[in-house]
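Visitor: Please put the model up. I have some questions about strands, backbone angles and the interface.

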Amino acid sequence: MLSFIIPQGHTMRHFPGSDDVGSVFYAKSPTELLTYAASVFPEVFKTASPDPNDGRKRLSFVSDKEVGLCNVVALSDLTSEEIESITEEERDGSIVKTVITNRTFPTREFQIILGDKNTVITMFPGPMAPPLPQNGERSEFWDNHVFIKHQ
Amino acid sequence: MSRSIRSHVFFVGNLLHKIDLKQIANVFGAPVIEKPETYAFLCSYFHKSHIDAMIEAQGQKRPKFLESVHHYHLEINRTLPLSLFNAKTGNLDVLDEYKMSIKGLHVYCFPLGITLFAIEIDDSGSSLNDLTFAHSRIRELPSQWKEFSEEFKDALKPIKSLVPNDNVRDLVSRGNKLKIFQIALLDSADWTDGHLYEIATSSPIDIIGTAHVLDPSDDYYHSMIKENTIAPFKNWKSMSLMDSFTALIKNEGAFDEEKEKAWLGDEIRWINSYYRLIYLRVLVQKTFLSSRNDQYRLNQSNVHLMRDLTRMEQYYFYDNISYNFLPDMLNKQMEKGLGINEEREELSTQIKERENKNTNTLTGIVSAFAIISIAYDFYGLLKASTGSDSQIMPFIIGIIATLSILILVLHLARRR
C-alpha cells in the first residue's frame, strides 16, 4: 500500500475547474491521478530517492495513454507559422517565449513532486521543466520550449 | 509476499425498507430465472423445498409465501484500482497490491420484505495484506462512502439507487458492516490457521503473536480456531464468524492449467451452492430473527409475529437442507457463526412472554366478570334477606363493572 498526503489548494491548479491557464490533467482530481500513478507505476514510488539538496522526490512518468494537455511544448512540435509568431514576454521575472495557437498539445508525460511523508508538493502534465532562467542566464530547455497561449 | 492465487468475495448487505420490484427491475433488468435443468440438478443435491425457498426457476410453481423470492443480477466486470481518501486529513491510501475486478451486483428478494444485496469482487492475485485491508474498508462502505474513489462509487451506483434519498448508510439496515463471504486459493505455505483467522477477521497479515492492537489473545484465537472452523477434507478449511464466512483452499505445487480448471469447478460450487443457497439462507434467518427480536426490545407490537414465524419455520428454519453431508455441515457452521440459535432462543422467550401476557389478559377478563357476578349475587342475597329494593345497589354494581373494564383497558394498553 502506498500512502500520500494531499494538502488542499495548490495541487488543484493543474486539474479541471482550476482558474489556472497552465497545463491541465484529464483526471478530475489529485486523488484520481495519484491512484492511477500509484497503481500503474508502484515501483517508481517505492524506489524513488529524495533529492539530497531539498529532500524532495521528483518522479517522472510516461503513461501508455494521454494524461492531460501541456502548455509547454518543444519548438519541434510547432508548425512553421507558429514558430514565426513566437514572441517574448516576462513571466515571474524571466523572459520566456510564448506562442498563440488554437491547437492543444496532449501529453503522456507527467511529473509528481513529493516532500516529507509523501506529501504532494505539485504535479503537472508534461515534461519536467527546469526553473525559468534568471538574470539573462541561458537554459537549453527553455531555449527549445515555449509557453502556449490560446486565442 | 503472500498472495492469493485465486480469490472471490461477496459483500452482502440488507435493506430495511421494502423495495418496489419495478424499481429494482428498472436498474437491474429482469430477474434471474434458472433453467429447468439447473433446477433439476440442484434438486438432486438439495431438498426441493429448500431450492424453492432460495431461487426462482422456469416453470416451477411455488407456494404463495415464496412467490416473492427473486434474484436480480447486473454484470459490471470493471477492473479498478482501490484507493481511500480522507478529506479531513488529506491522507490518500492507494492499495497497489490489491487487484480488484468488480464482477457484478446482486439483489435478492425474500418473503416478508427481506431484501439483501451483494457486491461481487474477484480479487485474485492480491497481496494478502492489501486484500484484508481492502475487505476491512469495503465492508464499512455504508459509513465510509465518501472515502472511496469516484470510479468505485460510480460502479456501485445501481445499488445506491435502491436506498431512499441516496442515503448510503441505509445500505446496512441492521448492524454497521456488510457481511463477507469469501473463498481464496492459497499456496500451501500460506495455508495456515493464522492466515485463516486474519483473512476471516480482515486483520493485517502475520499479526498473530505481535504486540499490535489487533493481535488476538491466545485464548480467543485458539477458541476461534477450535470452535468456529471446520475442515472435512485436507485441502480446505473454513471459518464462520458473525461478520464473515471464509474458506481457504490449499494449492500444492505449481498452479498449472489443470489446477486452473479444477479451481473453476470449485469456485462455481462455492458460489452457486454454498454462498447462494446456504449463506444467503442463513442471512435471511438472521435478518428475520434479529428484526423480530428488535421489535420486542423496542416494545413495538407485531400482531403477525406468530404467523410469520410459523411460515419462516416451515420454509427457512429446518436443519436438513441437502441429501449430502457437506451442505448440512456448512449450514450448521454458518448458523453457529451468525448466532442463529441464540436469536431463535431469544425469539422463543419473547413469544412465551407475549403468551403469558395474553394469559394474564384473559385472567383479567374472567376476574372482572367474576367480580360482577359476585356483586350481583350479593345484591340478590341482600335483596332477599332484607326484602328492600334499594336503588343504590345497581349503581354500585355499575361502578364495579366500569372499574373492571378500566383496569382491563389499562392492562391492554401496557401490553402494547
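Visitor: Which residue of β10(B) stands opposite A184(B)?

Guide: This is a predicted model, in which local features need pLDDT of at least 70, side-chain atom pairs count only at pLDDT 80 or more, and totals for chains, interfaces and linings use all residues. Residues are numbered from 1 along each chain as its sequence is written, chains are lettered from A and ligands numbered from 1 in the order written, and side-chain values use heavy atoms, without hydrogens or water. Strand β7 (residues 179-187) of chain B pairs with β10(B) in the parallel sense over eight bridges; strands are DSSP runs of E, at least two residues, and helices are runs of H or I, at least four, numbered from the N terminus. Opposite A184(B) in β10(B) stands L248(B).

Visitor: Which residue of β10(B) stands opposite M239(B)?

Guide: Strand β9 (residues 236-240) of chain B runs antiparallel to β10(B), with five bridges between them; pairing requires at least two DSSP bridges. A hairpin of three residues links β9(B) to β10(B). Facing M239(B) in β10(B) is T246(B).

Visitor: How many residues of β10(B) are buried?

Guide: Buried means under 20% relative accessible area, exposed over 50%, and partly exposed in between (1.4 Å probe, protein chains only). Strand β10 of chain B spans residues 244-251 and is mostly covered. Of its eight residues, the buried count is seven.

Visitor: What is the relative accessibility of S202(B)?

Guide: Most residues other than glycine have a negative phi. S202(B) is not a glycine, yet its phi is positive, about 55°. This residue lies in the loop between α8 (193-200) and α9 (218-227) of chain B. S202(B) counts as buried because its relative accessibility is 8%.

Visitor: Is N118(A) buried or exposed?

Guide: N118(A) also has a positive phi, near 55°, in a residue other than glycine. The loop between β9 (109-114) and β10 (120-125) of chain A holds N118(A). Its relative accessible area is 15%, so N118(A) is buried.

Visitor: Which are the edge strands in the open sheet β2-β4-β8 of chain A?

Guide: This sheet has three strands with antiparallel pairing, in the order β2-β4-β8. An edge strand here pairs on one side only. The edge strands of chain A are β2 (24-25) and β8 (106-107).

Visitor: How much area do chain B and chain A bury between them?

Guide: Contact (heavy atoms within 4.5 Å) involves 15 residues of chain B and 14 residues of chain A. Buried area is the accessible area (1.4 Å probe) that two parts lose on being put together, summed over both. Carbon and sulfur atoms carry 57% of a total of about 1,200 Å².

Visitor: Which residues of chain B lose the most area to chain A?

Guide: Three residues together make up 45% of what the chain B side buries. They are L92(B), V94(B) and D96(B).

Visitor: Which residue of chain A meets D96(B) in a salt bridge?

Guide: The rule for a salt bridge is a side-chain nitrogen of Lys or Arg within 4 Å of a carboxyl oxygen of Asp or Glu. Two salt bridges cross this interface. In one of them, at 2.7 Å from N to O, the partner of D96(B) is K46(A).

Visitor: Which residue of β4(B) stands opposite I5(A)?

Guide: Strand β1 (residues 2-5) of chain A and β4(B) run antiparallel, joined by four bridges. In β4(B), the residue opposite I5(A) is N91(B).
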